[in-house]
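Trainee: Please give me a close look at one part of this entry, the side-chain pairs. I would like one connected account, with the cut-offs stated.

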Amino acid sequence: MIATLMLLLVLPFPALQSEAEEAYRQQYQEYNRIGELTDPAAQAERYLAFLEMGVDEQLLGSVLQGLQGDLQALTQAQNYDAVYGLADQWFELRNELTPIALALEAAMASGNSESIVNYGEPFYQDQPVPQVALVLAQSYSQLGNAAKMREYTEIALENFPIEQTWGLAYELVGQDEAAENWSAAATMAKRIQDGIGAVPEGVSASQWDEIGLYLQTTVAGAAYESGQWQEAITEYRSLLAMAPRSD
């Protein structure tokens with residue numbers, strides 16, 4: 001009796017194994033058909049449909065690798081909108097970071113600030129990479145979002161030398177001065193003054209002179225506004241030496 005029951009338990013397995021093998025064979029054939037496509041956008045769409053259907057674990061890694069290659073090819077071809085759409089579909093299917101990273105790469109290549117913050121924010125929340133914080137600060141500056149620009153600039157300033165971040169720091173000086181936050185404005189102005197020894201790349205000598213005058217005016221003005229009279233005299237004398245003919 002026991003032997004009969006054991007036989008009944010064992011008998012179905014060959015049939016199930018055969019069905020699994022047949023399902024895998026069909027998926028493998030579909031995978032090969034997709035691999036023959038030369039249009040990365042069309043191929044990516046097919047890979048996504050394949051994922052939605054449910055891919056055998058033995059093929060999953062290869063499918064995801066192929067999908068990644070397609071999005072990178074589309075980025076190289078400057079077809080950024082296609083990358084964003086495909087990355088969004090991929091994320092909806094699997095809720096993983098890879099498509100967000102690929103979309104962020106495309107956004108950075110395109111220089112589109114809105115797309116950069118759209119994909120950079122979720123990427124940074126998962127992987128707080130300082131370089132991404134710097135890119136987000138620059139993008140929010142372009143978009144005129146002062147609060148977000150400050151948030152990410154402060155992170156960038158902690159992780160990069162002032163030579164690389166002075167433009168963002170300079171913008172913070174203006175924000176703090178406009179808000180009459182004299183101490184913060186002066187501190188950041190001095191940080192730029194002390195950290196930059198030569199005219200930065202991309203800035204003309206005359207522009208840098210104007211920036212230098214503004215920074216020193218900020219430092220001197222902060223001392224004056226806080227009632228530090230002797231320091232204010234010293235700083236204004238330094239300013240006068242920089243622009244002796246200024247009223």
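Mentor: The structure holds nine salt bridges, a salt bridge being a side-chain nitrogen of Lys or Arg within 4 Å of a carboxyl oxygen of Asp or Glu. The model is predicted, so local features need pLDDT of at least 70 and side-chain atom pairs count only at pLDDT 80 or more, while totals for chains, interfaces and linings use all residues. Residues are numbered from 1 along each chain as its sequence is written, and side-chain values use heavy atoms, with hydrogens and water left out.

One of the salt bridges joins R25 to E22, with 2.5 Å between the closest N and O atoms. R25 and E22 both sit in helix α2 (residues 12–35), three residues apart, about one turn of the helix; helices are DSSP runs of H or I with at least four residues, numbered from the N terminus. R25 has a relative accessible area of 39% and E22 one of 31%, so both are partly exposed. The cut-offs are under 20% for buried, over 50% for exposed and partly exposed in between, with a 1.4 Å probe and protein chains only.

Helix α2 also takes part in a salt bridge between R46 and E30, whose closest N and O atoms are 3.1 Å apart. This pair links distant parts of the chain, since R46 is in helix α3 (residues 40–53) and E30 in helix α2, 16 residues apart. R46 is partly exposed at 32%, whereas E30 is buried at 18%. A network of salt bridges links E30, R33 and R46.

K148 and E121 form another salt bridge, at 3.2 Å between the closest N and O atoms. K148 belongs to helix α9 (residues 146–159) and E121 to helix α7, so this salt bridge ties together parts 27 residues apart in sequence. Here K148 is partly exposed, with 26% relative accessibility, and E121 is buried, with 15%.

Next come the rings. The structure holds nine aromatic pairs; rings of Phe, Tyr and Trp (its six-membered ring) pair if their centres lie within 6.5 Å, and planes under 30 degrees apart count as stacked, over 60 as edge-to-face and the rest as tilted. Y84 and Y119 are stacked, 5.5 Å centre to centre with 25° between the planes. Because Y84 is in helix α5 (residues 80–94) and Y119 in helix α7 (residues 113–126), the pair ties together parts 35 residues apart in sequence. Y84 and Y119 are both buried.

Y170 and Y214 make an edge-to-face pair, because their planes stand at 70° with the ring centres 5.5 Å apart. Y170 is in helix α10 (residues 162–178) and Y214 in helix α12 (residues 205–225), so far as sequence goes 44 residues apart. Y170 is partly exposed at 25%, and Y214 is partly exposed at 24%. Ring pairs link W166, Y170, W208 and Y214 into a cluster.

Helix α10 also carries D176, which is buried at 8% relative accessibility. Leaving aside neighbours within four places in sequence, D176 is in contact (heavy atoms within 4.5 Å) with R150, N181, A184 and A185.

Last, the confidence. The mean pLDDT of the protein chain is 91, and 93% of its residues reach 70 or more; pLDDT is the predictor's confidence in each residue, from 0 to 100. Residues 1–11 have pLDDT below 50, and this stretch has zero contacts in the model beyond near neighbours in sequence.

How values were computed: Helices (H or I, at least four residues) and strands (E, at least two) are DSSP runs, numbered from the N terminus.
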